[in-house]
Amino acid sequence: TFIAECGKRGITPVLATIPSVPTRDHSLKAQWIRDSGCRYIDFADAVQKTAGEWQDGLLSADGVHPTTEGAKALAGAAEAVLRDL
C-alpha cells in the first residue's frame, strides 16, 4: 500500500534492509526489499557475511547493536545512496 501510494503521488520510496542478528532473522524482509524493484539501502549487506552472521568486529557483545566499526559500515551504505541520488 505504501509503495502504491508513493507511486500515485510521484514519490520515489527508498527502502532499507535490516541486518539479522543471532536472535532476530530479518533475511526474508531483506530479500523482499531487494526483489521489490524499489531503490534501497542495503544495511544488511554492509555488515553481514551471511544472514545472521556479521563480519568480524562489527557486532557488539550484546548481539544486537553494531560496534563503532559496524556503525561506520552502516553509515557508508547510507552515504553511497546519497551519492547515487
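**Exercise 1. The chain as a whole**

What percentage of the 85 residues of the protein chain count as buried? Describe also the secondary structure and the dimensions of the chain.

*Solution.* The structure is a predicted model.

Step 1. Of the 85 residues in the protein chain, 28% count as buried.

Step 2. The secondary structure of the chain comprises 4 helices and 4 strands. Their order along the sequence is α-β-α-β-α-β-β-α.

Step 3. Along the principal axes, the C-alpha atoms occupy a box of roughly 45 × 25 × 15 Å.

Step 4. Among the contacts with a separation of 6 or more, 52% join residues 24 or more positions apart.

**Exercise 2. Surface and charges**

Determine how much area the protein chain exposes and how far apart the mean positions of its charges lie.

*Solution.*

Step 1. The exposed area of the protein chain is about 5,700 Å², of which carbon and sulfur atoms supply 55%.

Step 2. The chain carries 9 positive and 11 negative charges, and the mean positions of these two groups are 7 Å apart.

**Exercise 3. The nonpolar core**

Which residues make up the largest nonpolar core? Examine then the surroundings of one member.

*Solution.*

Step 1. The largest nonpolar core consists of 5 residues, namely Val21, Val47, Trp54, Leu58 and Leu74.

Step 2. Val21 is taken as the example. Once its neighbours within four places in sequence are set aside, Val21 is in contact with Gly52, Trp54, Leu59, Gly63 and Val64. Trp54, one of these partners, is itself listed in the core.

**Exercise 4. Thr17 and Asp42**

Where do Thr17 and Asp42 lie, and what links their side chains?

*Solution.*

Step 1. Thr17 is located in the loop between strand S1 (14–16) and helix H2 (27–35). Asp42 belongs to the loop between strand S2 (39–41) and helix H3 (43–47).

Step 2. A residue is buried when its relative accessible area is under 20%. Thr17 has a value of 2% and is therefore buried. Asp42, with 18%, is therefore buried as well.

Step 3. The side chains of Thr17 and Asp42 make a polar contact at 3.0 Å. In addition, a polar atom of the Asp42 side chain lies 3.0 Å from the backbone nitrogen of Asp45.

Step 4. Residues up to four places away in sequence are not counted in what follows. Thr17 touches Ala30, Ile33, Arg34, Tyr40, Ile41, Asp42, Phe43 and Ala44. Asp42 touches Thr17, Arg34 and Ala77. Arg34 thus appears in both lists.

**Exercise 5. His26 and Leu82**

Is His26 buried or exposed, and is Leu82 buried or exposed? Locate both residues and give a C-alpha distance for each.

*Solution.*

Step 1. His26 lies in the loop between S1 and H2, whereas Leu82 is part of helix H4, which spans residues 68–84.

Step 2. The relative accessible area of His26 is 13%, so this residue is buried. For Leu82 the relevant cut-off is over 50%; its relative accessible area is 62%, so Leu82 is exposed.

Step 3. Leaving aside neighbours within four places in sequence, His26 is in contact with Ile18, Pro19 and Ser20.

Step 4. His26 and Thr67 are 41 residues apart along the chain, and their C-alpha atoms are separated by 19 Å. Leu82 and Ile41 are likewise 41 residues apart along the chain, with 9.6 Å between their C-alpha atoms.

How values were computed
Residues are numbered from 1 along each chain as its sequence is written. This is a predicted model: local features need pLDDT of at least 70, side-chain atom pairs count only at pLDDT 80 or more; totals for chains, interfaces and linings use all residues. Side-chain values use heavy atoms; hydrogens and water are left out. Helices (H or I, at least four residues) and strands (E, at least two) are DSSP runs, numbered from the N terminus. Buried means under 20% relative accessible area, exposed over 50%, partly exposed in between (1.4 Å probe, protein chains only). Contact means heavy atoms within 4.5 Å. Accessible areas come from the Shrake-Rupley method with a 1.4 Å probe; for residues, only the protein chains shown count as cover. Lys and Arg count as positive and Asp and Glu as negative; His and the chain ends are not counted. The place of a charge is taken as NZ of Lys, CZ of Arg, CG of Asp or CD of Glu. A nonpolar core is a set of buried Ala, Val, Leu, Ile, Met, Phe, Trp, Tyr and Cys residues joined through side-chain atoms within 4.5 Å. A polar contact is a pair of N or O atoms within 3.5 Å; within protein, one must be able to donate a hydrogen and the other to accept it, and residues adjacent in sequence count only if both atoms are side-chain atoms.
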